[in-house]
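This report describes a structure for a reader who is new to the subject. Please look at the sequence and the model before reading on.

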Amino acid sequence: MAEVTLKDVKKIYTGGVEAVKGVSFEVPDGHFCVMVGPSGCGKSTLLRMIAGVETVSAGEVRIGERVVNDVEPSERDIAMVFQNYALYPHMRVYDNMAYGLRNRKTPKDEIDKRVREAARILEIEQLLDRKPRALSGGQRQRVAMGRAIVRRPAAFLFDEPLSNLDAKLRITTRVEIKKLQKALGTTSVYVTHDQLEAMTLADMLVVMNAGKVEQIGAPLEVYQKPATTFVATFIGAPAMNLLKMSGAEPALLLGNAGIPPEGAIVGIRPEDLELVAAGTKPSEAIALPLTVAAVERVGPESFVYGTLDRGDPIIVRTPGTQAPAPGERAAAIANRANLHVFSADGQRRI
Amino acid sequence: MVENRPFGNIVPHVILWIGIAIVAFPVYLAFVGSTHEPSIIANGQMPLWPGGRFLENYYRTIFIGTSGTTREPVGTMLLNSLVMALVIAGGKIFISILSAYAIVYFRFPLRMSMFWIIFITLMLPVEVRIYPTYKVASDLNMLDSYAGLTLPLVASATATLLFRQFFMTVPDELVEASRIDGAGPFRFFFDTLLPLARTNMAALFVILFIYGWNQYLWPLLITTRDDMQTIVIGIKKMIVTSDALTEWQIVMATAMLAMLPPVAVVIGMQKLFVRGLVETEK
């Protein structure tokens, strides 16, 4: 049990490419931290630096009280679950799980006890004598988890552990990982590019972009108050509508002060919009006239893709029963309280 | 292509059987020759059916040898060849797997230069460097010894290259998982890499064993004593080109015996050999 602390951590590859540009945050003991971002944003590199399989170019990585920058991965008291599971193909499941303990000279009966206990928790007891080759993707994933659990580490590190599973299995495994982490109370750092996975798993969400942290916070907090336009479009699906406005436009639309004269970006989530008949002018909400371009009906809800009269594309989420025909005129209305206003460069929330 | 034409299968079978006959007939003749009295072949009559002196001829070949040119029992030659082939095959695998491991998994100065130097030696087989190699071997007093027979042939760029390519296909995550599991370089090598390379090693062993067994030029140079000669050299020496009589039944028996170990290795390791060449188990 320990907290994981990063202090201005950087990764600079030979050749000068800066993959991680100074990241600082602390994962409190027992918390589930999810690092999310598009591919190439440096999240995996950061995780690998915590694990110790990648060197830290600058800054400080701490696990518990100990600075571990120069500590071997095996001495860091962490366990890692890899995207492709990285099971030893020539070893039985039992040996895969026992290998780390054997290298640590754990007594044989203790190893046996821990492996069987982990196998029981993960329901893979009947697979212990098989080789990884004879397992399905989901079973391999469990074995990889088992290998991490038996170590009883101070922190779990997950590197996109669900991305090789099919959609259905991904959801059930996601729930199980969450339950398991809560039951064990082990500090965890989890990397994913899937915002849904991030939202559902995290106690603490770290949104990254281009080697930098964009926002840190509880998942709902990040969803409700995105700090930048990047976070606004990355978290939530479909992505938030962003309308670039110049000069007095936002002030007109929002009817309040504090909007800079050089313009702003106004964001409205598709789920905060409502589609009404063209020409409706509600008093306390804003109305955006549009022409419907396409409709996606997914059952419980529909996504209406339209073009605003001022030219921007817009997505509106409507109930599954409401489905306007393409070409139809309509208006999207939104409550003023649900608008997100960002500075013109998108880097700041106003 | 899966086709089921009962008559269509006959043509390929006929072709295959003709091919087999062409390859196998000389071997059969050698076997037949090794079971007859010496006088029969010497008279120029080559029978097509085995004679009755199988046991006698092979006993004489293995334990006594020819009475003329080589005077050495073929048993000794077999032993020499076996030692040479085993040490060459084993040594080549041992050295090249270690160098490939160093080149792939360790960062040290001039790593790539080392790799290219090893690679370039592909262009320098024994035949090219025969004089300097002989000089070195003789200066080190390795003439007429197993060390002299094997050591100069024991480094292999081909095998190093093969292992390097194999190691590069092992996922990096496996190395990282090992590091997290507390396995150092030695443990990783023995616990993970060697078991994974098992089939490759077997395939390579088959190829290298036959390579070692068939060596002719180098043993011819390095050995002068009769009790150090290998079976491949022995056969050649038994065939007398001067006026004396060649003991053909012994030559044929020796040829048969010389064929057996490579055949045994190929048959015994066939499964691993094929898997090593086609399958990757990761």
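The text below treats chain A, then chain B, and then the contact between them.

This is a predicted model, in which local features need pLDDT of at least 70, side-chain atom pairs count only at pLDDT 80 or more, and totals for chains, interfaces and linings use all residues. Residues are numbered from 1 along each chain as its sequence is written, while chains are lettered from A and ligands numbered from 1 in the order in which they are written.

**Domains of chain A**

The domain assignment divides chain A into domain 1 (4–231) and domain 2 (238–343); such bounds come from an automatic or database domain assignment. The centres of domain 1 of chain A and domain 2 of chain A, taken over C-alpha atoms, are separated by 39 Å.

**An enclosed strand and an enclosed helix**

Two terms are needed here. Helices (H or I, at least four residues) and strands (E, at least two) are DSSP runs, numbered from the N terminus. A residue is buried if 20 or more other C-beta atoms lie within 10 Å of its own, exposed if 12 or fewer, and partly exposed in between, with C-beta atoms placed from the backbone.

Strand β3 of chain A covers residues 32–36, and five of its five residues are buried, so the strand is largely enclosed by the rest of the structure. In a regular strand the side chains alternate between the two faces of the sheet. Both faces of β3(A) are covered: one side carries the buried residues Phe32(A), Val34(A) and Val36(A), and the other carries Cys33(A) and Met35(A), also buried.

Strands pair if DSSP finds at least two bridges between them. β3(A) runs parallel to strand β8 (residues 187–192) of chain A and is joined to it by five bridges; the bridge partner of Val34(A) in β8(A) is Tyr190(A). Four bridges join β3(A) to strand β9 (residues 204–209) of chain A, again in parallel, and here Cys33(A) has Met204(A) as its bridge partner.

Helix α1 (residues 43–51) of chain A has seven buried residues out of nine, so this helix is also largely enclosed by the rest of the structure. Among the buried residues of α1(A) are Leu46(A), Leu47(A) and Ile50(A), and Lys43(A) is another. Gly52(A) follows α1(A) and has a positive phi, near 95 degrees.

**Backbone details in loops**

Which residues other than glycine have a positive phi? Lys105(A) and Arg152(A) are two such cases, and the table gives their values.

| Residue | Phi | Loop in chain A | C-beta neighbours inside 10 Å |
|---|---|---|---|
| Lys105(A) | near 60 degrees | between α2 (93–103) and α3 (108–122) | 7, exposed |
| Arg152(A) | near 45 degrees | between α4 (137–149) and β7 (155–159) | 14, partly exposed |

Another loop of chain A, between α8 (229–234) and β11 (241–245), contains Pro238(A). The peptide bond from Ala237(A) to Pro238(A) is cis, and its omega is near -5 degrees.

**An open antiparallel sheet**

Chain A has an open sheet of five strands in the order β13-β17-β14-β15-β16, paired antiparallel. At its edges stand β13 (273–277) and β16 (313–319) of chain A; each has a single partner strand, so one side of each is left without a neighbour in the sheet. Strand β15 (residues 301–308) of chain A is joined to β16(A) by seven antiparallel bridges, and one of the residues involved, Tyr305(A), has Ile315(A) as its bridge partner in β16(A).

**Chain B**

Chain B has 14 helices and zero strands. Its radius of gyration, taken over C-alpha atoms, is 24 Å, whereas a compact globule of 282 residues would have a value near 19 Å; the globule rule is 2.2 Å times the number of residues to the power 0.38. Along its principal axes, the C-alpha trace of chain B spans about 75 × 65 × 30 Å. Buried residues make up 33% of the 282 residues in chain B.

**Where the chains touch**

Two residues are in contact if their C-beta atoms, placed from the backbone, lie within 7 Å. How many residues does each chain bring to the contact? Chain A and chain B bring 16 residues each. On the side of chain B that touches chain A, α9 (172–180) and α10 (185–213) of chain B each supply at least two residues. α9(B) gives the most to that side, with six residues.
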